[in-house]
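Here are my notes on this model, set out as numbered points. Please read them with the structure open.

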Amino acid sequence: MLNCSVREFGAVGDGVTMDTQAIQKALDACHAAGGGRVTIDGGRYLSATIQIRSGVELHLASDGVLVASDRTTDYPEIKSDIWNWQLAPRRNSRCFIYAEGASRIAITGRGMIQCPGARVCELHDSTLWKYRRKEEHFPPRMVFLVCCTDVLLRDFTIKDAAAGWATWILGCNDVNVDNVTMDADLDLPNSDGLHLNCCQDVTVSNCRIRTGDDALIIRAYTSVLKNPTPCERIAVTNCTLTSHSSGIRLAWANDGIMRNCVLSNIT
């Protein structure tokens, strides 16, 4: 098992230098060693798309910030044999932190994922939204996990999620989301918070989600999966939700089966 800082792999952490390669090297080395922890600490680390593989914990220390680039070209379309990426909502499979088919993965710590939400939007004259996406940008999703097992998301903050959703958890099982904060300007369009799609055995607790669009989404959009599955056995408790759209959204048009979902003590 490996326990390392991204600085050991050449990351600079000055908020200007692109540290993508160093961060990915650290994540890959940790996976190759049989798993362990990769720590973001002591700075602001600017990055494009990175991928977490089985057995790896990405740990955001309290003095560590993982900064998502605001350049669309830094986020290539994700192409995969595991899921039908061509059918991704909004025809967009770009993402910042990605995992597919992985097990025993985690994102933890009291640090922050700083998203480019405000930088990819502009003011416009509308009674519905204060901002709109800039035409040259098609924002990626920030955390996208697909067909993963034994997932832990704990303690960190996602700040100003881009208008491509803070999280999309698709076809995953045994997921624990605890004490996570998602904080975005309420006028940012499509800044969805926690998006659970076709997942099983999920617990969400003690989270604070503030978004312009839907804060908590539970749905069963099955077309995007190779093997369609229900969304079931979801338990959400002790969470505070704030939104200019829906605090809680259940399903969408033409969704599949949703069952055994319990939401309690929600503010």
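How many bridges join strand 20 to strand 23, and which way do the two strands run?

1. Strand 20 (residues 200-205) and strand 23 (residues 231-237) are joined by five bridges. The two strands run parallel. Within this pairing, Thr-203 stands opposite Ala-235 of strand 23. Keep in mind that this is a predicted model.

2. Now the sheet. Nine strands form an open sheet in the order 1-3-6-9-14-17-20-23-26. The pairing is parallel. Strand 1 (2-5) and strand 26 (258-264) are the edge strands. Each of these two pairs on one side only. From one strand to the next, the twist averages 10 degrees.

3. Helix 1 (residues 20-32) packs on this sheet. It touches strand 1, strand 3 (36-40) and strand 6 (56-60). The direction of helix 1 makes about 165 degrees with that of strand 3.

4. Next, the aromatic rings. The structure holds six aromatic pairs. One of them is Tyr-98 with Phe-144. Their ring centres lie 5.5 Å apart. Their planes meet at 50 degrees, so this pair is tilted. A pair counts as tilted when its angle is neither under 30 nor over 60 degrees.

5. Where do these two residues sit in the chain? Tyr-98 is in strand 8 (residues 95-100), and Phe-144 is in strand 13 (residues 141-146). The two are 46 residues apart, and the pair links distant parts of the chain. Tyr-98 is buried, because its relative accessible area is 3% and the cut-off is under 20%. Phe-144 is buried too, with a relative accessible area of 1%.

6. Phe-144 also pairs with Trp-168. Is that pair stacked or edge-to-face? The ring centres are 4.6 Å apart and the planes differ by 5 degrees, so the pair is stacked. Trp-168 belongs to strand 16 (residues 167-170) and Phe-144 to strand 13, so the contact ties together parts that are 24 residues apart in sequence. Both residues are buried.

7. Look at the rings together. Ring pairs link Trp-83, Tyr-98, Phe-144, Trp-165 and Trp-168 into a cluster. Phe-144 takes part in the tilted pair with Tyr-98 and in the stacked pair with Trp-168.

8. One charged residue deserves a look here. Arg-141 lies over the face of Trp-165. The distance to the ring centre is 4.2 Å. Trp-165 is itself one of the rings in the cluster.

Technical notes: Residues numbered from 1 in each chain as written. Predicted model: local features only at pLDDT ≥ 70, side-chain atom pairs only at ≥ 80, totals over all residues. Heavy atoms only, no water. Phe/Tyr/Trp six-rings, centres within 6.5 Å; stacked < 30°, edge-to-face > 60°. Helix = DSSP H or I, 4+ residues; strand = E, 2+ residues; numbered from the N terminus. Buried < 20%, exposed > 50% of the residue type's maximum accessible area, 1.4 Å probe, protein only. Lys NZ or Arg CZ within 6 Å of the ring centre and 35° of its normal. Pairing = 2+ DSSP bridges. Axes fitted to C-alpha atoms, helices over the stretch in contact; angles between N-to-C directions. Contact = heavy atoms within 4.5 Å.
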